[in-house]
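This briefing goes through one protein model by topic. Please look at the sequence and the model before reading on.

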Amino acid sequence: MIERIKSAMVGLGASWVLWLMLALSVVSLAIMLERGWLYWSLRDDIATLMRDLGRFLRGGDLEGARQRLEQSPSAEAAVVIAGIVEADLGPDAAEEAMAGASALQRTKLERRLAYLGTLGNNAPFIGLLGTVIGIVGAFEEFGKGAAQVAPAVGATAGPSEAVMRNIAEALVATAVGLLVAIPAVFAFNTFQRIVKVTLSNTDALGHVLLAHLKARPEGRTEKEGQPIERAKGEKTKSQASRPARPSTPAAPAEPASEEPEPEA
């Protein structure tokens with residue numbers, strides 16, 4: 001069994017590992033470029049956006065705040081817009097809406113990052129597999145050379161050259177594995193940092209909106225700013241226009257019947 005596995009490994013060599021690493025590196029590079037372009041397109045000045053949002057909210061202009069957020073391409077603005085849409089239902093509804101929108105934006109930002117993390121962690125092991133295959137091939141060639149009887153000087157040059165070739169192939173496999181893993185790990189850590197900062201900015205903007213909604217006086221509409229709660233005892237228009245129901249006169253009480261006293 002071991003001889004069959006060794007023969008298969010030596011027969012294939014480590015070249016297929018190198019081709020596999022090349023294909024994985026191309027996919028990794030494509031993901032890096034795509035993610036980098038996405039994060040670049042979502043960039044915005046969050047500090048300025050927060051100041052503008054606070055100014056609109058302090059003025060009670062939710063529609064203006066929404067229009068200002070719609071001008072921003074950032075993921076933070078998309079989350080806060082979801083909260084403004086549900087602001088009429090109260091701060092709890094707005095908070096739940098922003099939590100759902102934040103989960104969607106997180107999924108969008110973290111898409112395909114798992115591939116970079118997996119490749120960065122396992123590319124050295126794939127290269128090590130190629131190294132092991134190359135070392136096995138080198139020892140196989142070395143064993144063949146030692147078994148041969150050299151009738152003349154320099155007859156062992158062939159096996160020695162094959163041994164060196166297999167060792168060199170093994171070292172190349174290790175180097176390629178490291179060259180693929182290092183950029184993948186660097187890109188993964190960088191993109192994870194960008195996602196973390198984006199989510200932190202989202203929480204900050206969301207708290208600005210929630211602070212405004214929780215501080216808003218109860219019973220006031222958003223657009224008119226008029227009280228919607230009525231004082232106790234105040235009748236509505238429908239109650240005032242409704243005719244009073246006539247009271248039913250109480251039935252007269254029947255006189256108690258007096259029984260005649262019996263005669264003596």
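Which residue's side chain meets that of R112 in a salt bridge? The partner is E34, with an N to O distance of 3.4 Å. E34 lies in helix α2 and R112 in the loop between α6 and α7, so this pair ties together parts that are 78 residues apart in sequence. The model is a predicted one, and the points below cover its fold, its salt bridges, its rings and its surface.

**Overall fold**

- The protein chain has nine helices and zero strands.
- Read along the sequence, its pattern is therefore α-α-α-α-α-α-α-α-α, with helices numbered from the N terminus.
- The chain has 264 residues, and 30% of them count as buried.
- Among contacts in the chain with a separation of 6 or more, 77% are between residues 24 or more positions apart.

**Salt bridges around E34**

- Side chains of opposite charge can pair when their charged atoms come close.
- Across the whole structure, six salt bridges are found.
- E34, R35 and R112 are linked in a network of salt bridges.
- Within this network, the side chain of R35 meets that of E34 at 2.7 Å, N to O.
- The side chain of E34 also meets that of R112, at 3.4 Å.
- R35 is buried, because its relative accessibility of 2% falls under the 20% cut-off.
- E34 has a relative accessibility of 31% and counts as partly exposed.
- R112 is partly exposed as well, with a relative accessible area of 42%.

**Helix α3: D52, R55 and F56**

- D52 forms a salt bridge with R55, and their closest N and O atoms are 3.0 Å apart.
- Both residues belong to helix α3, which spans residues 46-58.
- D52 and R55 are three residues apart, about one turn of the helix.
- D52 counts as buried at 13% relative accessibility, whereas R55 counts as partly exposed at 46%.
- The charged end of R55 also sits over the ring of F56, 5.3 Å from the ring centre.

**Other ring features**

- The charged end of R43 sits over the ring of W40, at 3.9 Å from the centre of that ring.
- The structure holds one aromatic pair.

**A buried glutamine in helix α6**

- Q105 is found in helix α6, which covers residues 91-109.
- Is Q105 buried or exposed? Q105 is buried, because its relative accessible area of 16% is under the 20% cut-off.
- Leaving aside residues up to four places away in sequence, Q105 touches A75, A78 and V79.

**Surface**

- The protein chain exposes about 17,900 Å², of which carbon and sulfur atoms supply 61%.
- Which residues make the nonpolar surface patch of about 250 Å²? The patch is made by W16, L20 and L129.
- W16 lies in helix α2, which runs over residues 15-41.
- W16 has a relative accessible area of 37% and is partly exposed.
- At that value W16 can belong to a patch, because patch residues need over 30% relative accessible area.

Key:
Residues are numbered from 1 along each chain as its sequence is written. This is a predicted model: local features need pLDDT of at least 70, side-chain atom pairs count only at pLDDT 80 or more; totals for chains, interfaces and linings use all residues. Side-chain values use heavy atoms; hydrogens and water are left out. Helices (H or I, at least four residues) and strands (E, at least two) are DSSP runs, numbered from the N terminus. Buried means under 20% relative accessible area, exposed over 50%, partly exposed in between (1.4 Å probe, protein chains only). Contact means heavy atoms within 4.5 Å. Accessible areas come from the Shrake-Rupley method with a 1.4 Å probe; for residues, only the protein chains shown count as cover. Patches are made of residues with over 30% relative accessible area and no salt bridge: like charges are joined within 9 Å, nonpolar side chains (Val, Leu, Ile, Met, Phe, Trp, Tyr) within 5 Å. A salt bridge is a side-chain nitrogen of Lys or Arg within 4 Å of a carboxyl oxygen of Asp or Glu. Rings of Phe, Tyr and Trp (its six-membered ring) pair if their centres lie within 6.5 Å; planes under 30 degrees apart count as stacked, over 60 as edge-to-face and the rest as tilted. A charge sits over a ring if NZ of Lys or CZ of Arg is within 6 Å of the ring centre and within 35 degrees of the ring normal.
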